[in-house]
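The following exercises concern helix packing, pockets, a cavity and salt bridges. Each task is followed by a worked solution.

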Amino acid sequence: VFPLFDTAYFIISVLYLKYEPGAVEMSRKSPFASWLCAMLHCFGSYILADLLLGEAPISYFSHNSSVILATAVWYLIFFCPMNLFYKCVSFLPVKLIFVAMKEVVRVRKIAAGVHHAHHLYHHGWFVMMATGWLKGSGVALMSNFEQLLRGVWKPETNEILHMSFPTKASLYGTVLFTLQQTHWLPISEANLIFFFTMFMIVCKVFMTATHSHASPFAPLENLICPVLFGSVSSGHPSHHHHDHHGASHEVSHPPPPPPPAKSKEELNEGTRKRKAKKAE
């Protein structure tokens, strides 16, 4: 149904770019850098998947209609007079529709990535999972490179260290599609696509509507991860406490000891000297 779902996908992708701090100023100062960042938001997953499979990373840009459509969306969101297009697509009820349509595209991309990798590497489970994961969340995984194009370097925001819900969901989803593709999961591909798409739409629309960043996987992860991988060590607070006291000892020095008391002979000697000085 081109270009309906692709348009929704491009709109949400470029909207997330505009939400980034300094993105609007960059579009005025360097429109080409802004356009390049928008193309990475729209086609980053295809670029990473092609690199992984040893194909030309620029091959998707041969689809002229998709590139022109993404460019038109970028221009309207950033440069439409009076921000009319941006105000329309960012209106919450309209935005929720586009978010739901984007999740449809995401799940299709995951399934297509696993299917393509299975065709090239019939027994390569990890290749299938990696390809599907990149197809579903490649934009987030290359966010640090996209930040460099905007003149920003924040390595602490690495998506692998701090996975968002779409990245985690894409990872879990590509595992399911890999199991289905290798006939370990007794369900048809069409049914799996349908159920996983419904799950993604419900979660993402709810999170967008409530402005929530909590992951639906958090309760299950909090239950399983401590058993499999152990819990975070509680030694850090005590170490901080020890350092704090150490610093306080270094800053606040103890008062100097009082001078030693004078002996009786020294007192008598001082008295004799005062009497002699008075006599003189």
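**Exercise 1: The second largest pocket**

Describe the volume and lining of the second largest pocket.

Step 1. The second largest pocket holds about 150 Å³ of space. On a 1 Å grid over the protein atoms alone, a pocket is an open set of points with protein on both sides within 12 Å along at least five of seven lines, whereas a cavity is a set where a 1.4 Å probe fits but cannot get out; lining residues have an atom within 4 Å of a point. Grid points are joined across faces, edges and corners, and a volume is the space filled by probe spheres set on them. The model is predicted: local features need pLDDT of at least 70 and side-chain atom pairs pLDDT 80 or more, while totals for chains, interfaces and linings use all residues. Residues are numbered from 1 along each chain as its sequence is written, and side-chain values use heavy atoms, without hydrogens and water.

Step 2. The lining consists of Tyr46, Val105, Arg108, Lys109, Ala111, Ala112, Lys135, Glu189 and Ile193. Two or more of these residues come from each of H6 and H10, and H6 gives the largest share, five residues. Helices are DSSP runs (H or I, at least four residues), numbered from the N terminus.

Step 3. By class, the lining has five nonpolar, no polar and four charged residues. Ala, Val, Leu, Ile, Met, Phe, Trp, Tyr, Cys and Pro count as nonpolar, Asp, Glu, Lys and Arg as charged, and the others, Gly among them, as polar.

**Exercise 2: The largest pocket and a salt bridge**

Locate the largest pocket, and state which residue forms a salt bridge with Glu20.

Step 1. The volume of the largest pocket is about 1,100 Å³. Its lining comprises 35 residues, and Tyr16, Glu20, Ser164, Pro166 and Lys204 lie nearest the centre. These 35 residues divide into ten nonpolar, 15 polar and ten charged.

Step 2. Glu20 pairs with Arg150 in a salt bridge, with 3.6 Å between the closest N and O atoms. The pair ties together parts that are 130 residues apart in sequence, because Glu20 is in the loop between H1 and helix H2 (23–29) and Arg150 in the loop between H8 and H9. The structure has four salt bridges (a side-chain nitrogen of Lys or Arg within 4 Å of a carboxyl oxygen of Asp or Glu).

**Exercise 3: The cavity**

How many cavities of 30 Å³ or more does the whole structure contain?

Step 1. The search finds one, and the largest cavity encloses about 40 Å³.

Step 2. Its lining is formed by Asp6, Tyr9, Phe10, Cys42, Phe43, Tyr46, Tyr60 and Val105. H1 and helix H3 (31–52) each contribute at least two residues.

Step 3. Seven lining residues are nonpolar, none is polar and one is charged. Tyr46 and Val105 line this cavity and also the second largest pocket.
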